[in-house]
Amino acid sequence: MGLIPYKNEEYLDWSDEANVAKMRAALKDVGGRLGKSHPAIIGGKPIETDGEIVSVNPADPSQIVGRTAAATEREADMALDVATGAFEHWSRTTPESRARILLRAAAIMKRRRFELLAWEVFEGGKPWNEADAQVAEGIDFLEYYAREMLRLKDGVEIYAIPGEESRYSYQPMGVGVIIAPWNFPTAILTGMSSAAIVTGNTIVMKPSEFTSVIGAVVAEIFEEAGLPEGVLNFLPGYGSDIGDYLVGDARTRFISFTGSMKTGLRINELAARQIENQRWVKRVIAEMGGKDAMVIDDSADLDSAAADIVKSAYGYSGQKCSAASRAILHADVYDEVLGKVLENARALKIGLPAEEDGATVNVGPVISEPQFEKVSGYVDAGKQEGDRVLGEDPGDPKNGYFVSPTIFAVEPDAKVAREEIFGPVLSVIKARDFDDALRLANDSPYGLTGGVYSKNRDHLERARREFKAGNVYFNRGITGALVGVQPFGGFGMSGTDSKAGGPDYLPLHMLARTVVERF
Ligand SMILES: NC(=O)c1ccc[n+]([C@@H]2O[C@H](COP(=O)([O-])OP(=O)(O)OC[C@H]3O[C@@H](n4cnc5c(N)ncnc54)[C@H](O)[C@@H]3O)[C@@H](O)[C@H]2O)c1
Ligand SMILES: N[C@@H](CCC=O)C(=O)O
């Protein structure tokens with residue numbers, strides 16, 4: 001297949017008035033379509049359920065973004081059945097034809113880009129630049145995995161012994177259950193689903209209950225791209241209602257999960273249990289949480305370090321698994337860096353992303369009332385544990401789930417410095433020296449992202465070897481991994497290190513087969 005080389009989708013330039021005008025038009029258009037109902041789609045057919053999920057705008061919870069079906073075990077059973085049937089033909093389609101569907105889906109996403117951004121703003125509460133980066137990432141996943149499948153379609157080279165031919169190739173696995181989080185509702189859902197589909201599997205796609213409307217839009221795009229009925233079965237529902245059923249069922253061949261450590265570990269445990277009629281060891285791909293640290297040593301460019309700490313800590317209100325939630329500062333530069341961090345953080349504009357001037361908003365709401373309560377609880381805990389140097393008590397959630405950027409100066413063993421908060425809360429910790437800083441950074445069960453700001457070559461080389469994280473960044477921010485450029489996934493309790501957007505990702509969705517013939 002002749003294709004141009006892979007290249008990341010460029011981000012939109014919000015200083016360009018034409019883009020701002022298109023975004024305002026998209027917000028108006030999507031704003032006029034809020035409140036609609038979206039059924040589950042199983043085998044290409046709309047399926048209504050008894051219950052429903054009501055999705056609201058986190059910046060204005062009185063505004064209903066949409067309603068979706070809330071699947072029960074009955075619909076989960078239907079979806080697994082249909083996916084099992086569809087696997088028979090889909091697994092026999094050519095890799096080229098499957099790749100073409102991803103390329104078409106990417107083209108549709110490009111054409112519908114501003115509309116997708118508007119859904120992200122309404123349902124996810126995302127500032128425009130965050131929404132844009134995320135939709136661009138969704139497009140990248142489609143373009144990248146299409147090419148990756150073409151790279152792997154004939155297998156990979158291995159050695160042979162004289163007189164024999166050895167072949168090592170990949171084949172589809174079966175029915176995959178895709179379970180996604182709400183924080184990257186277009187990118188991660190698209191990425192996990194497209195990887196499973198392009199490798200010849202059929203899927204039951206369960207979006208987060210907080211972003212099910214975006215899930216419906218993603219499902220619609222795959223349908224529009226020509227994916228045959230039954231290959232992708234869209235099953236919105238609560239994890240507590242259908243999660244265990246989908247994971248535990250004997251028809252499920254693999255589970256691709258992104259979300260919290262708690263849910264990921266439960267899935268891993270349940271998937272490992274053998275039940276009647278089960279004919280395989282289920283494979284679990286699980287990407288989970290983080291408590292990511294940025295270390296700043298005494299040789300660093302302190303202005304850049306402070307700016308990148310703030311960007312990494314407060315982008316999408318800190319609701320990224322990659323977010324900087326710990327800044328570990330060398331004692332000699334502690335006061336100066338903290339001062340600069342405060343200056344940058346105070347300049348952030350908190351606001352309503354769906355407004356006309358949304359392009360200028362840096363920090364929007366957190367996603368939901370439960371998340372608001374959780375983050376507020378950590379703010380209370382932080383006040384007991386340390387010194388709150390920035391931030392106010394959260395207001396009334398009825399007015400939107402807003403939590404202002406918050407900084408605690410704390411000891412490393414404080415709860416706020418150890419547990420994943422997933423909100424705009426940064427813990428600042430003083431380290432004696434670089435050794436101490438690296439030790440503190442590694443002192444976490446998680447190991448997702450991490451960063452070091454330094455001009456000291458020895459420090460950078462040491463961190464290159466010893467920083468215990470799947471994605472380590474030097475002298476830059478620690479969020480926003482680019483597909484194909486910064487494959488993403490964590491160590492430790494951050495997951496199975498699947499490295500989404502990297503060369504090892506697609507094989508996780510296939511069975512590798514060795515065939516040898518003696519002549
Ligand atoms: N490592 C990564 O790449 C990555 C990326 C994004 C988010 N995350 C993590 O995700 C978390 C935030 O997302 P969240 O709040 O949606 O996580 P979550 O674990 O609460 O939910 C994730 C998904 O799991 C489903 N679920 C809930 N209970 C289930 C069960 N028993 N069985 C099966 N599925 C179940 C939910 O409905 C949802 O679709 C954070 O911890 C964040 O760090 C990690
Ligand atoms: N891959 C994203 C994070 C995804 C999780 O929230 C990043 O690199 O910032």
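A residue counts as buried when its relative accessible area is under 20%. With that cut-off in hand, the predicted model can be read helix by helix, starting with H4. Twelve of the twelve residues of H4 are buried, so this helix is largely enclosed by the rest of the structure. The buried set takes in charged side chains, among them Arg 113, Glu 115, Glu 120 and Glu 123, along with nonpolar ones including Phe 114, Leu 116, Leu 117 and Trp 119. The geometry of H4 checks out too: at 1.5 Å a residue its twelve residues should span 16 Å, and the end C-alpha atoms are indeed 16 Å apart.

Helix H7, covering residues 212–224, passes the length test as well, since its 13 residues should span 18 Å and its end C-alpha atoms sit 18 Å apart. Ten of the 13 residues of H7 are buried, so the rest of the structure largely encloses H7. Those buried positions are Ser 212, Val 213, Ile 214, Gly 215, Ala 216, Val 217, Val 218, Ala 219, Ile 221 and Phe 222. Just after H7 comes Gly 226, which takes a positive phi of about 100 degrees.

Now for the charged pairs. The structure holds 39 salt bridges, and three of them are described here. In one, the side chains of Asp 132 and Arg 113 meet at 2.8 Å, N to O. Asp 132 belongs to helix H5 (residues 128–152) and Arg 113 to helix H4 (residues 113–124), so this pair ties together parts that are 19 residues apart in sequence. Both partners are out of the way: Asp 132 has a relative accessibility of 1% and so counts as buried, and Arg 113, at 7%, counts as buried too.

A second bridge joins Glu 52 to Arg 67, with a distance of 2.9 Å from N to O. Here the link runs between strands, with Glu 52 in E4 (residues 52–57) and Arg 67 in E5 (residues 60–69), 15 residues apart in the chain. Glu 52 counts as partly exposed because its relative accessibility is 39%. Arg 67 falls in that class as well, with a value of 26%.

The third bridge lies within helix H12. There the side chains of Asp 380 and Lys 383 meet at 3.9 Å, N to O. Being three residues apart in H12, Asp 380 and Lys 383 are separated by about one helical turn. Asp 380 is partly exposed at 44% relative accessibility, and Lys 383 is partly exposed at 32%. Elsewhere, salt bridges that share partners build a network out of Glu 9, Lys 110, Arg 113, Asp 132, Glu 143 and Arg 147. The buried pair of Asp 132 and Arg 113 therefore belongs to that network.

Finally, back to H12, which runs over residues 369–385 and includes Glu 385. Glu 385 is partly exposed, with a relative accessible area of 33%. Along with Glu 411, Asp 413 and Glu 419, Glu 385 forms a patch of negative charge on the surface.

Conventions: Residues numbered from 1 in each chain as written. Chains lettered and ligands numbered in written order. Predicted model: local features only at pLDDT ≥ 70, side-chain atom pairs only at ≥ 80, totals over all residues. Heavy atoms only, no water. Patch = residues over 30% accessible without salt bridge, like charges linked within 9 Å, V, L, I, M, F, W, Y side chains within 5 Å. Areas by Shrake-Rupley, 256 points an atom, 1.4 Å probe, with all protein chains shown as cover. Salt bridge = Lys/Arg side-chain N within 4 Å of Asp/Glu carboxyl O. Lys, Arg positive; Asp, Glu negative; His and termini not counted. Charge placed at Lys NZ, Arg CZ, Asp CG, Glu CD. Helix = DSSP H or I, 4+ residues; strand = E, 2+ residues; numbered from the N terminus. Buried < 20%, exposed > 50% of the residue type's maximum accessible area, 1.4 Å probe, protein only. Expected span 1.5 Å × (residues − 1).
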